[in-house]
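I sat down with this model to see how its parts fit together. These are my notes, in the order I looked things up.

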Amino acid sequence: MADLPSFRYHPNPVGTGVIVKRLTQCPVRQKHRDYTYEGPFYSTEEVEDICPWCIHDGSAAIRFKGEFQDSASAEEGPPPQALDELIHRTPGYCGWQQERWLAHCNDFCAFLGYVGWKEIEPIIGELQDDIESEGYAMEELKESLLRGGSHQGYLFRCLHCGRHRFVCDLD
Ligand SMILES: [Zn+2]
Ligand SMILES: [Zn+2]
């Protein structure tokens, strides 16, 4: 098995579950691959079983004129080439609502994964700005935010300064 490609903005897609080990035929080059993508892909055609290699080299996005992340839901600030890498060459993630991708230091952040209160409590100080600007109620986060739950958080980390950022939504 070839090593999985690495994705700057989504460093552990196997850990977050959008890339799974399953033998499939990737529709981009009709090659059999032992890993496949199970996250969002926005294209006019219904496309399944894209392999991580065809995400990484951009060929899946070109072949099906698709995006792995809605560009309108990516935070503003990063330069066009960063947006291009994010939406065309990075595995997305699965939120309950339209997935948002956060940015910091003029670049997109790395998506670390799905989180609940337990996971964010130790870094809550770093997330204070996001919690305030989004108007999240701290009591609600404490009570109901759960990884895999119907009130779920999405944790990001700046690739440059290391700061964590956070959004959450409801099913
Ligand atoms: Zn492929
Ligand atoms: Zn930063």
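**Two domains and what lies between them**

I began with the division of the chain: domain 1 covers 1-94 and domain 2 covers 98-171. I should say early on that this is a predicted model.

Next I looked up how the two domains sit relative to each other. Their C-alpha centres lie 22 Å apart. For the contacts, I found 18 residues of domain 1 touching 15 residues of domain 2. I then sorted the domain 1 side of that contact by residue type and got eight nonpolar, seven polar and three charged residues.

**The sheet**

Then I turned to the strands and traced an open sheet of three, in the order E5-E6-E7, with antiparallel pairing. E5 and E7 are its edge strands, each pairing on one side only. From one strand to the next, I noted an average twist of 25°.

I took the E5 and E6 pair on its own: E5 (residues 110-115) is joined to E6 by five bridges. Looking for partners across this pair, I found tyrosine 114 opposite tyrosine 154, and phenylalanine 111 bridged to phenylalanine 156.

On the other side, seven bridges link E6 to E7 (residues 164-170), again antiparallel. Here leucine 155 faces phenylalanine 166 across the pair. I also checked the hairpin of E6 and E7: six residues lie between the strands, and glycine 162 takes a positive phi near 85°.

Is E6 mostly covered or mostly open? I went through residues 151-157 and found six of the seven buried, so to speak a mostly covered strand.

**The core**

My last stop was the largest nonpolar core, which has 39 residues. The residues with the most contacts inside this core are Ile50, Cys54, Phe108, Tyr154, Leu155, Phe156 and Phe166. I was pleased to meet some names from the sheet again: Tyr154, Leu155 and Phe156 belong to this list, and leucine 155 is the residue that stands opposite phenylalanine 166.

I then listed the elements that give two or more residues to the core: strand E2 (32-37), helices H1 (52-56), H2 (59-64) and H3 (80-89), and strands E5, E6 and E7. The largest share, four residues, comes from E5.

Where does this core lie relative to the two domains? Domain 1 and domain 2 both give residues to this core, so it lies between them.

I finished with a closer look at cysteine 54. Setting aside neighbours within four places in sequence, I found cysteine 54 in contact with Cys26, Val28, Arg29, Ser59 and Ala60.

Notes
Residues numbered from 1 in each chain as written. Chains lettered and ligands numbered in written order. Predicted model: local features only at pLDDT ≥ 70, side-chain atom pairs only at ≥ 80, totals over all residues. Domains from an automatic or database assignment. Contact = placed C-beta atoms within 7 Å. Nonpolar A, V, L, I, M, F, W, Y, C, P; charged D, E, K, R; others polar. Buried ≥ 20, exposed ≤ 12 C-beta atoms within 10 Å, placed from the backbone. Pairing = 2+ DSSP bridges. Axes fitted to C-alpha atoms, helices over the stretch in contact; angles between N-to-C directions. Core = buried A, V, L, I, M, F, W, Y, C linked by C-beta atoms within 7 Å.
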